[in-house]
Amino acid sequence: MKKSAQISQLYLRIAIGIGYLVPGLDRLGVWGPPGGKHISWGNWETFLKYATEVMGFLPTSIASVFAVLATIGEIAFGVLLLLGKWTRLAALGSGVLSLLFAVSMTISFGIVSPLSYSVFTLSAGSFLLSTLNDYRWSLDARS
């Protein structure tokens, strides 16, 4: 793989990883309380309210379960992508998760919302990352 492709792969992996880890930890209050500067949710209750709006087409009890699963997935995918461990699988899972999020946003809020937040782009980038043959500068490359 060319040096520029190696750097692009690393950049994509880190960007997606951080893009999952930061909001995943935000909903657990790691970055500060609700209403704080640069805080989207700040706690689980605030996030859960948003998640049930995104999945407004589902019963609240099911949306709550999916919110937990999505949070676990986002934090796990974020860590795995940053470390470069099981990169292909983490990127594939990331692509599926963000595609489901984009579809849910589209159903609940219309197509402009997921396009404005680049959720389809995140999904496409994740799927692209999952197709690469080499993950230089990763734990996978050490095996």
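## Starting at Leu28

Let's begin in a loop. Setting aside neighbours within four places in sequence, Leu28 touches two residues, Trp44 and Ile75. This is a predicted model. Leu28 sits in the loop that links α1 to α2 (44–54). Is Leu28 buried, exposed or partly exposed? Its relative accessibility is 49%, and the cut-off for exposed is over 50%, so Leu28 counts as partly exposed.

How far is Leu28 from Ile14 in space? The two are 14 residues apart in sequence, and their C-alpha atoms are 21 Å apart.

## The overall fold

Stepping back, the protein has 7 helices and 0 strands, so to speak a plain run of α-α-α-α-α-α-α along the sequence. Its C-alpha atoms fill a box of roughly 45 × 30 × 25 Å along the principal axes.

The radius of gyration is 16 Å, which agrees with the value near 15 Å for a compact globule of 143 residues. Of those 143 residues, 36% count as buried. As for contacts between residues at least 6 apart in sequence, 62% of them join residues at least 24 apart.

## Where α3 meets α4

Two packed helices are described by the angle between their axes and the distance between the axes. For α3 (residues 60–83) and α4 (residues 87–109), the angle is about 145 degrees and the axes are 9 Å apart. Their crossing is left-handed.

On the α3 side, the contact is made by Ala70, Gly73, Glu74, Phe77, Leu80 and Leu81. From α4 come Thr87, Ala90, Ala91, Gly93, Ser94 and Leu97. By type, the residues of this contact split into 7 nonpolar, 4 polar and 1 charged.

## Two nonpolar cores

In soluble globular proteins, nonpolar side chains tend to be buried together. Here the largest nonpolar core has 11 residues, including Ile16, Tyr20, Leu129 and Tyr135. Ala70, Phe77, Leu80 and Leu81 belong to this core too, as do Ala90, Ala91 and Leu97. Which helices supply at least two residues each? They are α1 (3–26), α3 and α4, and α3 gives the most, with 4 residues.

Apart from this core lies another, of 10 residues, among them Ala51, Ala63, Ala102 and Val119.

Back in the largest core, Ala70 is worth a look. Beyond its neighbours within four places in sequence, Ala70 is in contact with Arg27 and Leu97. Leu97 is itself one of the core residues, and it also takes part in the contact of α3 with α4.

Methods. Residues numbered from 1 in each chain as written. Predicted model: local features only at pLDDT ≥ 70, side-chain atom pairs only at ≥ 80, totals over all residues. Heavy atoms only, no water. Axes fitted to C-alpha atoms, helices over the stretch in contact; angles between N-to-C directions. Left-handed = near helix turned anticlockwise from the far one by under 90°. Contact = heavy atoms within 4.5 Å. Nonpolar A, V, L, I, M, F, W, Y, C, P; charged D, E, K, R; others polar. Core = buried A, V, L, I, M, F, W, Y, C linked by side-chain atoms within 4.5 Å. Buried < 20%, exposed > 50% of the residue type's maximum accessible area, 1.4 Å probe, protein only. Rg over C-alpha atoms; globule rule 2.2 N^0.38 Å.
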